[in-house]
Amino acid sequence: MLDVRRLRLLRELSIRGTLAEVAEALQYSPSSVSQQLALLEKEVGVELLRKTGRRVQLTPQAEVLVAHTAQLLETMEQAEADLAASLTTVTGTVRIAVFQSAALALMPDTLTRMASTYPEVRIEMIQREPETALHETWARDFDLVIAEQYPGHAAPRYPELDRVKLTTDAIRLAVPPASHGAPAIRSLVDTAELAWVMEPRGAASRHWAEQACRSAGFEPDVRFETADLQAQARLIESGNAVALMPDLVWTGRGTTAQLLELPGKPHRTIFTSVRRSSAQRPAILAARETLAAAAAAVATDDAG
């Protein structure tokens, strides 16, 4: 019988590309990973890896094993979820990947609610950009990801991951307070000559913002670049930049910036994803339910 742990190492190599990355992800030494894969080759009796320069490449036979390993891991995860569901107490650890504005607006209330209602569930949270986090959740680095999707900019999809809408928030043009003496700004066109702050290239928000400016007839002068939305907010409030910002950024802090509606009133969609094989694990169901309650509370406060 094949060793499941060694099969998982082979699948991890197909996902991550190098022995060093597999070792880092699973907290092994590279030499240990190499030895275990060599033993797996002996077990199956065929070549699984070929050296290509400094890297290794999976053979077609290895790819066959990887496909079966994915199915095996899904079955095992489903068994674990069913076993957990048979218990009367909700326990376990849920590893959550979340982007910054959701971490600030939703996670404090979610953690407080979880500690009160499900005290035996441990929540671990790491900040990640949504596209990276979706891939890492598929790769089993996380149990649940909170991700975002901008209008006309589809987030990556993985067949093994489900997708449940959590909330939406409006995207508005954020400009300095009138007290800073800046020229009157009534629309996106009025910002054509002003300094912009945006997230780094590659971020969905950056792509969407650039396209919105170009559709308005100008190329934005992006003088400031940061993934920290709190830093972006300070640049706007201090009169040094303008930006397109989702409403969730201002949750719990308010702002002196002027927030102007955009044509068509665009909204960002925030959703959660988990592996389908673990979706019914009670701790994950509890985390999703609690996140939904926290999101609903934010929406109620904003409406008020």
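**Group meeting: helix packing and a few loop residues**

Hi everyone, let me begin with the chain as a whole: it has 304 residues, and 45% of them count as buried. Please keep in mind that this is a predicted model.

The secondary structure adds up to ten helices and eleven strands. If you lay the C-alpha trace along its principal axes, the spans are about 75 × 55 × 30 Å. The accessible surface is about 15400 Å², and carbon and sulfur atoms account for 51% of that. As for how the chain folds back on itself, take the contacts between residues at least 6 apart in sequence: 73% of those join residues at least 24 apart.

Now to the helices. Two packed helices are described by the angle between their axes and the distance between the axes, and I have two pairs to show you.

The pair to start with is H1, residues 4–16, and H4, residues 60–85. At what angle do the axes of H1 and H4 cross? The answer is roughly 115 degrees, and the axes come within 9 Å. Angles from 65 to 115 count as roughly perpendicular, so H1 is roughly perpendicular to H4. The crossing of these two helices is left-handed. On the H1 side, the contact uses Val 4, Leu 7, Arg 8, Leu 10, Arg 11 and Ser 14. Across from them, H4 brings Ala 62, Leu 65, Val 66, Thr 69, Ala 70, Leu 72, Leu 73 and Met 76. By residue class, the contact of H1 with H4 has ten nonpolar, two polar and two charged residues.

The other pair is H2, residues 19–26, with H3, residues 30–44. Their axes come within 8 Å and cross at roughly 105 degrees, and therefore H2 and H3 are also described as roughly perpendicular to each other. Leu 19, Ala 20, Val 22 and Ala 23 of H2 meet Pro 30, Val 33, Ser 34 and Leu 37 of H3. This contact of H2 with H3 contains seven nonpolar residues, one polar and no charged.

Let's stay in that region and look at the loop. Tyr 28 sits between H2 and H3, and with a relative accessible area of 41% Tyr 28 is partly exposed. Setting aside neighbours within four places in sequence, Tyr 28 contacts Leu 9, Ala 23 and Val 33. Two of those names, Ala 23 and Val 33, have just come up in the contact of H2 with H3.

The same loop also holds Gln 27. Here's a backbone point: most residues other than glycine have a negative phi. Gln 27, though, is not a glycine and has a positive phi of about 60 degrees. Is Gln 27 buried or exposed? Gln 27 is exposed, with a relative accessible area of 74%.

Arg 140 also has a positive phi, near 80 degrees, in a residue other than glycine. You'll find Arg 140 in the loop between helix H7, residues 130–138, and strand S5, residues 144–149. Arg 140 counts as buried, at 12% relative accessibility.

My last stop is another arginine, Arg 206, in helix H8, residues 204–215. Arg 206 is buried, with a relative accessible area of 3%. Which residues does Arg 206 touch, not counting those up to four places away in sequence? They are Met 198, Glu 199, Pro 200, Arg 201, Val 222 and Glu 225.

That's my tour, thanks for listening!

Terms used: Residues are numbered from 1 along each chain as its sequence is written. This is a predicted model: local features need pLDDT of at least 70, side-chain atom pairs count only at pLDDT 80 or more; totals for chains, interfaces and linings use all residues. Side-chain values use heavy atoms; hydrogens and water are left out. Axes are lines fitted to C-alpha atoms, for helices over the stretch in contact, and angles run from 0 to 180 degrees between N-to-C directions. Helices (H or I, at least four residues) and strands (E, at least two) are DSSP runs, numbered from the N terminus. Angles under 35 degrees count as roughly parallel, over 145 as roughly antiparallel, 65 to 115 as roughly perpendicular and the rest as oblique. A crossing is left-handed if the near helix is turned anticlockwise from the far one by less than a right angle, and right-handed if clockwise. Contact means heavy atoms within 4.5 Å. Ala, Val, Leu, Ile, Met, Phe, Trp, Tyr, Cys and Pro count as nonpolar, Asp, Glu, Lys and Arg as charged, and the others, Gly among them, as polar. Buried means under 20% relative accessible area, exposed over 50%, partly exposed in between (1.4 Å probe, protein chains only). Accessible areas come from the Shrake-Rupley method with a 1.4 Å probe; for residues, only the protein chains shown count as cover.
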